[in-house]
Protein chains: 2
Amino acid sequence: MNRYSKEQLEALTKSLSQAAGMSADDAHLFAEALVDADIHGVSTHGLSRLAIYLRRMELGLIDPKATLHVERQRAATLALDAANGVGHVQAVKALDMLIPMAKHNGIASATIRNSQHFGALSYYCNRAAAHDCILIATTNCEPAMSPTGGSDASFGTNPIAASFPTGKGFPIKIDLSTSAIARGNIIAASKKNQPIPLGWALDPGGEPTTDAQEALLGTVLTMAGHKGYALALMVEVLSGVLSGSAIGSEIGSMYKNLDRKQDVGHFFCLLDIDAFMDRDEFIRRIDSTIDTLKAGRKLSGVDEILVPGERSARKAAENTRLGIPIGPEVLKELEDWCSRLNVTFTLNQEQVTN
Amino acid sequence: MNRYSKEQLEALTKSLSQAAGMSADDAHLFAEALVDADIHGVSTHGLSRLAIYLRRMELGLIDPKATLHVERQRAATLALDAANGVGHVQAVKALDMLIPMAKHNGIASATIRNSQHFGALSYYCNRAAAHDCILIATTNCEPAMSPTGGSDASFGTNPIAASFPTGKGFPIKIDLSTSAIARGNIIAASKKNQPIPLGWALDPGGEPTTDAQEALLGTVLTMAGHKGYALALMVEVLSGVLSGSAIGSEIGSMYKNLDRKQDVGHFFCLLDIDAFMDRDEFIRRIDSTIDTLKAGRKLSGVDEILVPGERSARKAAENTRLGIPIGPEVLKELEDWCSRLNVTFTLNQEQVTN
């Protein structure tokens, strides 16, 4: 796979986004967020999504020039309307508004309605951690998952995320969907014609299935049964019901519904660590927690106990050193969009051993 | 099983707690919290725990007269020291401080250190819902659970809870431990000499086990593998690291460590719904979400799709009508403590068909 520098990938993303109608500043924020996912090895939420965002802008289903509106405000809360703008940009702007509010009041929170799929939640959480804050973030997303006892696609895979600053050179990064499995694993099994375990998905008739093809036409199941259902509903109420966005099955599909907006809702809750404890004491305590976990007794066959975020930090270090891998399908999409938007394709492969 | 009225059970609990040194007001708060668990069918967190709380007060391991200290305060946050008081009482007092802060600023949050096992999180969440607020609550607890790849008891079963007001006569109530299974299920299997499924627990040597007896000597596993590990760690950082309480394996066991305090930490985040959306619109939207879920297609063999909190609300209605069932072992403990503390045993069984 070809590898490219962060700067090259951000520059091309920025050029394409500006050509699609975004301002230079917004295009820059968008490029940083997208490329960050590829840096951390989350290629499903990085440049592989740029084509569909550009397509939706072209179709008028995302407004590249939207401004973020404050609909309600208290000293420590914001109810925001993303005005159908690019989700990543509106979310970064929301976070930038929340940081001084949290630094002043100890905590601040925002709902964001009328938004889009906005990539990896951990991007925003890690940004907050760099300010010695803890961001708890949730979002609803397009329908894919059934409640306990049901077989409708009543929810998205409704993720929950939070990052915590440490003295270890990387934040503890928690970012998980509430589904039993990422849909990507079912797609992979389907491509290889392999069965999937019971408990991952239902077929279109609402019956449990081990057939990956059928599963892709049906719904995924929640993680840990009714516990995942409860957490998915918690995410839906915080991100969807409370924000004023579409709820559950009403949310537009990014790829399938090319005739209407998504209307996704996000929820941010930002804590200033210093409001609870001196920053240095917090770092000492979280580092000690990490040390204790990693020094613990291991299961046979396990080399190392990892803390959440550790693997992704290692991947980011590797990709920063070697260049960020971009697959041939994504490169082709980028080239096509360069032609379409009259942007020069500028990527040059890094001179690295892969 | 004998059934008793709420009033009778609260009165006896209050008398015993006062005899153990609590003020009348604190004993009243404690009694309400404990009996509420039994009303909702969560007998593991109700009067079945009163004996151990009284025992720990008698041993000087819980201070029945402790006052809640504010260690740090901002407009929307409190860092609290429970001063080793009764957890339920300190948590209700913390919530009562947070409600006006959230009503004013839109959100308010508290950490509480130096506390105890404080019963069912949903008790506090439901109280908040009655004020048209959303409480997200977490607590750490005594060590029982291993991280992914490890076999030490690095965490408690670290629960997460939140309740949401509805127009349906009960709040949506989410309250779940991050373990694969409640330890109670392993105890039940052990009593019946039945095996447990792989994936629930490790034996004392750190190997996966299906032997319930061995599992009780070992550790439980997280729900949904690494996702439960991540959530348990999130709970530990919010409730333990950030509060200044004991962390993970340092926490004292309620039953086993009768020589030291527990030093549990709690985390509360309280949102005022009206800061984000008119209360009536929120209720309309959450009720519509519930209606859609319940009207959805059902799996074969499923009669009804429930939302979290619905079953427990039905149980509470039944127990309010018929009286609250209290098992013979718990009755015996209550009688014993009445003798010990020179309190008249006042319970009279309700005249109901069970």
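How many residues lie between S2(B) and S3(B) in the hairpin that they form? There are 2 residues between these strands of chain B. The model is a predicted one, and the hairpin is a convenient place to enter it.

S2(B) pairs with strand S3 of chain B, residues 77–81, in the antiparallel sense, and the pairing runs over 5 bridges. One of the bridges can be located by its residues: His69(B) has Asp81(B) in S3(B) as its partner. Strands of a sheet pair through backbone hydrogen bonds, and the pairing may be parallel or antiparallel.

The hairpin belongs to an open sheet of 7 strands in chain B. Reading across this sheet, the order is S2-S3-S4-S10-S5-S6-S7, and the pairing is mixed. Strand S2 (69–74) and strand S7 (172–176) of chain B stand at the edges; each has a single partner strand, so one side of each is left without a neighbour in the sheet. From one strand to the next, the twist averages 10 degrees.

Chain A also has an open sheet of 7 strands, with the order S2-S3-S4-S10-S5-S6-S7 and mixed pairing. Its edges are formed by strand S2 (69–74) and strand S7 (172–176) of chain A, and because each of these has a single partner strand, one side of each lacks a neighbour in the sheet. Neighbouring strands here are turned by 10 degrees against each other on average, direction ignored. Within the sheet of chain A, strand S5 (residues 133–139) and strand S10 (residues 264–272) pair in the antiparallel sense over 7 bridges. Cys133(A) has Asp272(A) in S10(A) as its bridge partner.

The helices of chain B come next. Helix H1 (residues 6–19) and helix H2 (residues 24–39) of chain B pack with their axes 8 Å apart, at an angle of about 135 degrees. H1(B) and H2(B) are therefore oblique to each other, and H1(B) passes H2(B) in a right-handed crossing. On the side of H1(B), the contact residues include Leu9(B), Thr13(B) and Ser17(B); on the side of H2(B), they include Ala27(B), Phe30(B), Ala31(B) and Leu34(B). Sorted by type, the residues of the contact of H1(B) with H2(B) are 8 nonpolar, 4 polar and 4 charged.

A second helix pair in chain B is made by helix H4 (residues 87–105) and helix H5 (residues 121–129), which pack at an angle of about 25 degrees with their axes 11 Å apart. H4(B) and H5(B) are therefore roughly parallel to each other. H4(B) passes H5(B) in a right-handed crossing. H4(B) brings Gly87(B), His88(B), Ala91(B), Val92(B), Leu95(B) and Asp96(B) to the contact, and H5(B) brings Tyr123(B), Tyr124(B), Arg127(B) and Ala128(B). Of the residues in the contact of H4(B) with H5(B), 6 are nonpolar, 2 polar and 2 charged.

What remains is how the two chains meet. In chain B, 81 residues are in contact with 81 residues of chain A. The size of an interface is often given as the accessible area lost when the parts come together. Chain B and chain A bury about 6,600 Å² between them, and 65% of it is on carbon and sulfur atoms. Arg74(B), Phe276(B) and Arg297(B) supply 12% of the area that chain B buries against chain A, more than any other three residues. One element of chain B can be placed against the sheet of chain A: helix H8 (residues 226–241) of chain B lies across S5, S6 (160–164), S7 and S10 of chain A. H8(B) runs at about 130 degrees to S7(A).

Note on methods:
Residues numbered from 1 in each chain as written. Chains lettered and ligands numbered in written order. Predicted model: local features only at pLDDT ≥ 70, side-chain atom pairs only at ≥ 80, totals over all residues. Heavy atoms only, no water. Pairing = 2+ DSSP bridges. Helix = DSSP H or I, 4+ residues; strand = E, 2+ residues; numbered from the N terminus. Axes fitted to C-alpha atoms, helices over the stretch in contact; angles between N-to-C directions. Parallel < 35°, antiparallel > 145°, perpendicular 65-115°, else oblique. Left-handed = near helix turned anticlockwise from the far one by under 90°. Contact = heavy atoms within 4.5 Å. Nonpolar A, V, L, I, M, F, W, Y, C, P; charged D, E, K, R; others polar. Buried area = accessible area lost by both parts, 1.4 Å probe.
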